[in-house]
Amino acid sequence: MGKPLISIIIPVYNGSNYLKEAIDSALAQTYRNCEVIVINDGSCDNGRTEEIAFSYGDRIRYFSKANGGVAQALNYG
């Protein structure tokens with residue numbers, strides 16, 4: 001049996017101060033068959049959250065949605 005794909009979902013709302021640290025931590029995991037998904041839950045931080053997420057290129061998957069709360073963002077991911 002192969003190694004299953006693990007999804008690490010990071011919901012974020014105006015959390016640009018911590019987003020880079022969270023993404024770096026997820027990417028540093030020793031289990032290699034994983035994907036990192038960042039869900040921007042309607043941040044109003046002048047595009048800073050999106051800028052940080054885009055700086056990772058195709059190393060992560062990034063989605064943006066209207067604010068609906070952390071549970072909705074996790075379900076979206």
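**Notebook: aromatic pairs, helix 1 and the core**

I began with Phe63, which counts as partly exposed at 29% relative accessibility. The model I am reading is a predicted one.

**Entry 1, aromatic pairs.** I looked up how many aromatic pairs there are, and the count is two. One is Phe54 with Tyr62, edge-to-face, with 5.2 Å from centre to centre and 70 degrees between the planes. Tyr62 has a relative accessible area of 16%, so I note Tyr62 as buried, the cut-off being under 20%. The other pair is Phe63 with Tyr76, also edge-to-face, at 6.1 Å centre to centre and 70 degrees between the planes. I then checked where these two residues sit. Phe63 belongs to strand 3 (residues 61–65) and Tyr76 to helix 3 (residues 70–76), so their pairing ties together parts 13 residues apart in sequence. Tyr76 has 46% relative accessibility and counts as partly exposed.

**Entry 2, helix 1.** I turned next to helix 1, which has twelve residues, 16–27. From first C-alpha to last, helix 1 reaches 17 Å, close to the 16 Å expected at 1.5 Å a residue. Which residues of helix 1 are buried? I listed Ser16, Leu19, Ile23, Ala26 and Leu27. These residues cover an arc of only 95 degrees around the axis, so they fall on the same side of helix 1. On the face turned away from that buried side I found the exposed residues Asn17, Tyr18 and Glu21. I also looked up what covers the buried residues of helix 1; the cover includes strand 1 (6–12), strand 2 (34–41) and helix 2 (48–54).

**Entry 3, the nonpolar core.** In soluble globular proteins, nonpolar side chains tend to be buried together. I therefore looked up the largest nonpolar core, which has 13 residues. The residues with the most contacts inside this core are Ile10, Leu19, Ile23, Val36, Val38 and Ile60. Strand 1, helix 1, strand 2 and helix 2 are the elements that give two or more residues to the core. Helix 1 supplies the largest share, four residues.

**Entry 4, Ile60.** I picked Ile60 from that list and asked which residues Ile60 is in contact with, leaving aside neighbours within four places in sequence. They are Ile23, Leu27, Val36, Val38 and Ala53. Of these, Ile23 and Leu27 are among the buried residues of helix 1, while Val36 and Val38, with Ile23, are among those with the most contacts inside the core.

How values were computed. Residues are numbered from 1 along each chain as its sequence is written. This is a predicted model: local features need pLDDT of at least 70, side-chain atom pairs count only at pLDDT 80 or more; totals for chains, interfaces and linings use all residues. Side-chain values use heavy atoms; hydrogens and water are left out. Rings of Phe, Tyr and Trp (its six-membered ring) pair if their centres lie within 6.5 Å; planes under 30 degrees apart count as stacked, over 60 as edge-to-face and the rest as tilted. Buried means under 20% relative accessible area, exposed over 50%, partly exposed in between (1.4 Å probe, protein chains only). The expected span of a helix is 1.5 Å times one less than its number of residues. The arc is that of the directions from the helix axis to the C-beta atoms. Contact means heavy atoms within 4.5 Å. A nonpolar core is a set of buried Ala, Val, Leu, Ile, Met, Phe, Trp, Tyr and Cys residues joined through side-chain atoms within 4.5 Å.
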